[in-house]
Amino acid sequence: MQLTLITVVNVLILSSMYILVALGFALLFSIMGILNFAHGAIYMVSGYICYQLAVEWGLNQWVSLLLSVIIIGAFGVFLEKYCFRPFFGNLKRTIIVCIAIIIILETTVNVTVGTLVRSLPAFVPGILMAGMISVSAEKLVTFIIGGSLLATMIWFIKNTKIGQQIQAVSQNMEGAALQGISAHRISALACALACGLAAVAGCLMGAIFNLSPFMGGHMLLKALELVILGGIGSIGGIFFAGVLIGTLDATLPLFIGGAASEAIGLGVIIIFLLFRPQGFFGREAG
Amino acid sequence: MEKGRKIFLLIVVTLVTVLVALPLMPFSDSKIMAAETKTLRIGVLVCLTGWFSTFDTLEWEEAQLARDMLNERGGITIKGEKYQIELLAEDCKSTADGVVAGANKLVYDRKVKFIAGPAAFFSAAAKEVCEPEKILRAISFATNTPGELGGDTPYTFLCHNASVEHCIVGVTAMKQVFPKVKTVDLVNADDGAIPYLDPIFRKILQEQGVTVVGKIIGYPNEMVDFSPVAAKLSVSKTDAVFFGNGLPEHAAKTLKGIRELGSPKPVIFMSSGLAEDVKRIAGKEASSKFIIVGPMLGATGTPPLMAEIQKRLLATYGKERSIHLQIFNSIWALVKAVEAAQSLDTTVVRDKWEKLNTIETPYGTGHMGGQKTYGIRHALSHPEPYQILDNGEARFGKWVEVRVP
């Protein structure tokens with residue numbers, strides 16, 4: 001009984017973590033059609049920026065998170081203008097550029113900061129207990145932030161002027177331009193938002209787990225799984241995908257030890273896609 | 001005639017000058033000629049990128065320190081010729097393919113005859129490249145998987161305490177610090193070594209009156225979230241958690257997870273690291289009843305060589321860092337073996353090394369052994385200390401003598 005309760009809590013927490021990580025990636029890929037493979041590396045760098053500000057320079061940790069979001073958001077604008085815009089529509093070149101960004105960011109952090117073990121202190125220290133269940137306060141806060149950001153993003157895309165402009169640009173860039181929408185400005189804004197969301201995830205995960213120059217790869221894979229399972233073009237779909245993948249990752253290791261649990265988890269995803277290739281809420285091709 | 005005399009005089013003066021100057025020229029000094037320094041090139045296989053780089057980049061820094069310290073001590077002298085140590089590193093990229101590529105480059109492109117590393121299960125990947133070419137390899141860790149160390153690796157020597165030796169230290173530490181522990185859960189990275197280590201760990205623990213309950217709980221090396229592992233361990237009725245091979249961050253996240261779920265059971269991490277690193281990840285609140293194998297700065301009984309290493313690492317890198325010394329030991333022992341053999345022929349060095357009983361290491365006197373454990377007497381085991389993390393503070397434990405059977 002206790003194990004079941006613990007596992008339910010783990011599923012919720014892990015799902016929310018994955019959703020938080022995937023949100024920015026989903027915004028760019030699903031809505032803007034930009035496959036930003038550097039999302040994981042950006043997520044990693046933001047964790048280190050927060051560490052530098054909070055631990056090395058002694059700033060308030062929440063202020064450090066905010067500054068990290070602003071810095072990485074600005075980096076997103078730079079990324080869109082110089083790395084994505086010139087190759088918009090050319091998937092192969094975009095992927096090559098993203099790989100280059102990953103290598104540059106990982107190597108820069110590896111060489112400058114090194115691979116010494118680091119972790120951000122808890123944003124909200126303490127453990128909350130309720131009967132047989134106990135959960136760390138920072139994981140609970142991450143759960144709340146992840147859920148809130150997802151809901152906010154869905155509302156933003158559907159109900160705000162800028163959100164609708166983002167949708168218009170993603171559906172038909174030329175048509176949107178004819179309506180007076182600056183596609184470049186909207187694209188830059190979407191990129192800044194996506195990178196900002198990656199920064200939030202990087203800072204929070206850097207406190208729950210540990211920082212490593214190579215921590216982005218695993219989370220990029222999770223983000224990709226969520227977006228594909230959720231369906232291209234659907235931000236809301238990553239909620240269901242996040243719950244599915246969080247459930248698999250939190251429960252399979254209880255029964256199947258080692259690397260086999262990861263392999264089986266991926267196998268389940270592949271089988272799902274065989275029956276529903278467009279994911280939960282994606283658009284069918286053709 | 002006048003011109004002829006001038007030329008004759010010029011030739012005579014030149015000849016005389018040369019004859020007088022020759023004895024004064026450096027290369028004519030036989031002593032200086034004999035001491036002309038050459039280079040002993042040692043290849044190093046390390047993971048500078050990828051998931052294992054958090055461990056191996058520290059190892060590479062220590063390898064360079066080993067080179068510097070050996071060269072400062074005059075390098076190595078073989079049959080009157082002095083050699084300075086030169087290290088040639090190749091990045092294994094934390095993959096078996098990377099190890100093979102690195103080994104190929106060292107052996108066939110750079111033509112080295114001596115290699116240090118790689119660590120753990122990575123070393124099996126280098127076997128097929130190195131053994132046929134009779135490359136003498138000093139590996140820094142073994143997880144007992146086939147191909148790492150055994151009768152089929154006659155040119156491979158293990159130069160640092162590995163899985164079996166660390167298990168001995170871990171169990172000894174557990175009995176000293178938590179004598180009431182009778183049952184444990186066993187956790188180990190799922191790196192392919194579990195089927196081979198399982199019976200060995202159980203036997204070592206059983207000999208100390210400790211029973212392993214259930215199967216080994218394995219996890220992938222790249223695992224980020226240890227909540228499922230922590231969940232299983234926290235509801236288990238065992239007295240303690242015995243954590244086998246893995247990285248300190250794996251153990252730290254498991255410790256953090258167990259404590260978050262309210263379980264106070266001790267955790268013994270038998271792989272080497274620094275207690276402060278574990279505390280950084282797990283947090284002060286969760287840092288209790290934890291043992292980790294490895295040296296600590298300024299600890300009692302630290303041998304002079306290790307004290308010097310710690311001081312220099314602190315001076316260079318400006319902070320206390322976990323000291324592993326695995327590849328350091330490998331390079332150190334390899335050079336000592338070469339010096340003992342007084343030869344650069346790898347077969348001659350191997351034959352001499354097999355006859356050695358002891359080699360001085362930073363940890364103290366190391367003893368050669370391993371016939372029963374590995375099937376070949378090519379393992380160097382040495383004393384090793386442990387640290388205790390309790391009530392949010394790290395402190396030194398004790399030194400443990402280790403002899404691998």
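This tour moves through a predicted model of two chains, A and B, one selection at a time.

**Stop 1: chain A as a whole**

Select chain A and colour it by secondary structure. Its elements comprise 11 helices and two strands. Read from the N terminus, they follow the order α-α-α-α-β-β-α-α-α-α-α-α-α, with the two strands placed after the fourth helix. Taken along the principal axes, the C-alpha atoms of chain A occupy a box of roughly 60 × 50 × 35 Å. A compact globule of 286 residues would have a radius of gyration near 19 Å, and chain A, at 19 Å, agrees with that expectation. Of its 286 residues, 51% count as buried. Among contacts in chain A with a separation of 6 or more, 76% join residues that are 24 or more positions apart.

**Stop 2: the strand that holds Leu128(A)**

Select Leu128(A), which belongs to strand β1 of chain A. Is this residue buried, exposed or partly exposed? Leu128(A) has 13 C-beta neighbours inside 10 Å and therefore counts as partly exposed. Next, display its partners beyond four places in sequence: Ser134(A), Val135(A), Ala137(A) and Leu140(A) are in contact with Leu128(A). Then draw a distance from Leu128(A) to Leu27(A). These two residues are 101 residues apart in sequence, and their C-alpha atoms are 33 Å apart in space.

**Stop 3: where chain A touches chain B**

Show both chains and select the residues at their junction. Here 32 residues of chain A are in contact with 32 residues of chain B. On the chain A side, at least two residues each come from α1 (2-31), β1 (127-130), β2 (133-136) and α10 (237-255). Which of these elements gives the most? The answer is α1(A), with six residues. Colour this side of chain A by residue class: 15 residues are nonpolar, 14 are polar and three are charged.

**Stop 4: chain B and its two domains**

Hide chain A and turn to chain B, whose secondary structure consists of 14 helices and 17 strands. The C-alpha trace of chain B spans about 115 × 40 × 35 Å along its principal axes. Buried residues account for 53% of the 405 residues in this chain. Of the contacts in chain B with a separation of 6 or more, 67% are between residues 24 or more positions apart.

Now colour chain B by domain. The domain assignment gives domain 1 (38-162 + 303-383) and domain 2 (164-300 + 387-400). Each domain is thus made of two segments of chain B. The C-alpha centres of domain 1 and domain 2 of chain B lie 27 Å apart. Across the junction, 19 residues of domain 1 are in contact with 25 residues of domain 2. On the domain 1 side, the elements that give two or more residues are α3 (53-72) and α11 (304-317) of chain B. The largest share, three residues, comes from α11(B). By class, this side of domain 1 holds eight nonpolar residues, 10 polar residues and one charged residue.

**Stop 5: the largest nonpolar core**

Bring chain A back into view. The largest nonpolar core has 217 residues, and those with the most contacts inside it are Ala22(A), Ile42(B) and Ile331(B). Domain 1 and domain 2 of chain B both give residues to this core, so it lies between them. Centre the view on Ile42(B). Beyond four places in sequence, Ile42(B) is in contact with Ile85(B), Leu87(B), Val112(B), Phe114(B), Ile115(B), Ala116(B), Ile331(B) and Leu334(B). One of these partners, Ile331(B), is also named among the residues with the most contacts inside the core.

**Stop 6: two enclosed helices of chain B**

Select residues 227-235 of chain B, which form helix α8. Eight of its nine residues are buried, so α8(B) is largely enclosed by the rest of the structure. The buried residues include Pro228(B), Val229(B), Lys232(B) and Leu233(B).

Finally, select residues 248-260 of chain B, helix α9. How many of the 13 residues of α9(B) are buried? The count is 13 of the 13, so this helix too is largely enclosed by the rest of the structure. At 1.5 Å a residue, α9(B) should span 18 Å, and its end C-alpha atoms are 18 Å apart, which agrees. Following α9(B), select Gly262(B), whose phi is positive, near 90 degrees.

Methods
Residues are numbered from 1 along each chain as its sequence is written. Chains are lettered from A and ligands numbered from 1 in the order in which they are written. This is a predicted model: local features need pLDDT of at least 70, side-chain atom pairs count only at pLDDT 80 or more; totals for chains, interfaces and linings use all residues. Helices (H or I, at least four residues) and strands (E, at least two) are DSSP runs, numbered from the N terminus. A residue is buried if 20 or more other C-beta atoms lie within 10 Å of its own, exposed if 12 or fewer, and partly exposed in between; C-beta atoms are placed from the backbone. Two residues are in contact if their C-beta atoms, placed from the backbone, lie within 7 Å. Ala, Val, Leu, Ile, Met, Phe, Trp, Tyr, Cys and Pro count as nonpolar, Asp, Glu, Lys and Arg as charged, and the others, Gly among them, as polar. A nonpolar core is a set of buried Ala, Val, Leu, Ile, Met, Phe, Trp, Tyr and Cys residues joined through C-beta atoms within 7 Å. Domain bounds come from an automatic or database domain assignment. The expected span of a helix is 1.5 Å times one less than its number of residues. The radius of gyration is taken over C-alpha atoms; the globule rule is 2.2 Å times the number of residues to the power 0.38.
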